[in-house]
Amino acid sequence: MRRVIRQLGAELLGTFLVVLAAAGAPAVDAWLHAAGQPMLGTLGAALAYGLAAAAMTEALAPVSGGHLNPAISLGAWVTRRLNALGLFGYVAAQLAGGIAAAWLLRALVPESAWRAAALGTPALASSLTRVQGMGLEAALTFAVALVFFRTAIVSGRPSGWAVGAVVAAAGMVGGPLTGAALNPARAFGPAIVSHQWANIGVWWVGPLTGGALAGWAAEALGKTPGERMA
């Protein structure tokens, strides 16, 4: 039981810090824009997300596996690396972490800034349909999850810095189009606190599909003896 509590605590804390950085960057950009200061832009937001994901995955992988994302946990479940109860616990902890991060941003960031950015809730570009948005989120999340699972298979634990690099690259590609959430907890936390629900299904269906497919693809590419992942 103590081990399970540590794992769930790590998933909650890690997701909290990742969402704090990923959703905080757009809120800070809104404040910088209002103040007439140079903005972080797409590159800055992507780097903030990628660096946070890298550091938290690297730090917490020995405790919980470092999923920090329901899409990753779903990929672990479909490949029988995580049981149904574990999936439920991990996803609940991750969503709680995302919500807590959004509430902290709401409490600490000036209201004019967080409202302008909807607390960093991802948004779908007007030129994209929901299906296109889901497809892009699925493809980008697939890349992130594939790197996570393959590095875990090769070395016994995911490489946080490899994962973070792909998250940053995905953010540069998808940020202007879908917000590049890549993670239902990243979208759900800010959405529930800011009450911005437009197209919310895009950031559930897309990433979960990408995570599940990546889990299967990583298995299909083969594994080494003694492989273990939480």
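The exercises below, each with a worked solution, concern a predicted model.

## Exercise 1: The nonpolar cores

Find which residues have the most contacts inside the largest nonpolar core, and which helix gives the most to this core.

*Solution.* Begin with the core itself, which has 35 residues, those with the most contacts inside it being Tyr-49, Val-144, Phe-149, Val-167 and Leu-182. Next, turn to the helices behind it: H1 (2-34), H2 (41-64), H3 (70-78), H4 (84-108), H6 (130-155), H7 (160-178), H8 (184-194) and H9 (202-220) each supply at least two residues of this core. Of the helices, H6 gives the most, with seven residues. A second core, separate from this one, has 14 residues and includes Ala-101, Ala-102, Trp-114 and Leu-119. As background, nonpolar side chains in soluble globular proteins tend to be buried together.

To look at one member of the largest core in detail, take Leu-182 and leave aside its neighbours within four places in sequence; among the residues then in contact with Leu-182 are Tyr-49, Val-144 and Val-167, together with Asn-69, Glu-137 and Pro-207.

## Exercise 2: The surroundings of helix H3

Determine how many of the nine residues of H3 are buried, and which helices the buried residues pack against.

*Solution.* First, list the buried residues of H3, which are Pro-70, Ala-71, Ile-72, Ser-73, Leu-74, Gly-75, Ala-76 and Val-78. Eight of the nine residues are therefore buried, so H3 is largely enclosed by the rest of the structure. The second step is to identify what encloses them, and here the buried residues of H3 are found to pack against H4, H6, H8 and H9.

Finally, examine the two ends of the helix. At the start of H3, a side-chain oxygen of Asn-69 comes to within 2.8 Å of the backbone nitrogen of Ala-71, while H3 is followed by Arg-80, whose phi is positive, near 65 degrees.

## Exercise 3: Three salt bridges

For each of the three salt bridges, state which residues form it and how far apart they lie in sequence.

*Solution.* Take first the pair of Arg-157 and Glu-58, whose closest N and O atoms are 3.8 Å apart, a value that satisfies the 4 Å cut-off for a salt bridge. Arg-157 lies in the loop between H6 and H7 and Glu-58 in helix H2, so the pair ties together parts that are 99 residues apart in sequence. Arg-157 is partly exposed, with a relative accessible area of 32%, and Glu-58 is also partly exposed, at 29%.

In the next pair, Arg-81 forms a salt bridge with Glu-219, with the closest N and O atoms 2.1 Å apart. This pair links distant parts of the chain, since Arg-81 is in the loop between H3 and H4 and Glu-219 is in helix H9, 138 residues apart. Arg-81 counts as buried because its relative accessibility of 18% falls under the 20% cut-off, whereas Glu-219 is partly exposed at 27%.

The remaining pair joins the side chains of Arg-115 and Glu-111, with an N to O distance of 2.6 Å. Both residues lie in helix H5 (residues 111-116), four residues apart, which is about one turn of the helix. An α-helix has 3.6 residues a turn, so residues three or four places apart point the same way. Glu-111 counts as partly exposed, at 45% relative accessibility.

## Exercise 4: A nonpolar patch on the surface

Identify which residues make the nonpolar surface patch of about 590 Å², and which elements give two or more residues to the patch.

*Solution.* The patch is made by Leu-43, Leu-47, Leu-51, Trp-161, Met-172 and Val-173. The elements that give two or more residues to the patch are H2 and H7. As one example, Met-172 is placed in helix H7 and counts as partly exposed, at 38% relative accessibility.

## Exercise 5: Loop residues and distant partners

Locate His-195 and Ala-123, and state how far His-195 is from Ala-118 and Ala-123 from Leu-177, in sequence and in space.

*Solution.* His-195 is found in the loop between H8 and H9 and is exposed, with a relative accessible area of 58%. His-195 and Ala-118 are 77 residues apart in sequence, and their C-alpha atoms are 8.3 Å apart in space.

Ala-123 lies in the loop between H5 and H6. Ala-123 and Leu-177 are 54 residues apart in sequence and 7.7 Å apart in space, C-alpha to C-alpha. As a last step, leaving aside neighbours within four places in sequence, Ala-123 is in contact with Leu-177, Thr-178, Gly-179 and Trp-203.

Notes. Residues numbered from 1 in each chain as written. Predicted model: local features only at pLDDT ≥ 70, side-chain atom pairs only at ≥ 80, totals over all residues. Heavy atoms only, no water. Core = buried A, V, L, I, M, F, W, Y, C linked by side-chain atoms within 4.5 Å. Buried < 20%, exposed > 50% of the residue type's maximum accessible area, 1.4 Å probe, protein only. Contact = heavy atoms within 4.5 Å. Patch = residues over 30% accessible without salt bridge, like charges linked within 9 Å, V, L, I, M, F, W, Y side chains within 5 Å. Areas by Shrake-Rupley, 256 points an atom, 1.4 Å probe, with all protein chains shown as cover. Polar contact = N/O pair within 3.5 Å; in protein donor to acceptor, adjacent residues only side chain to side chain.
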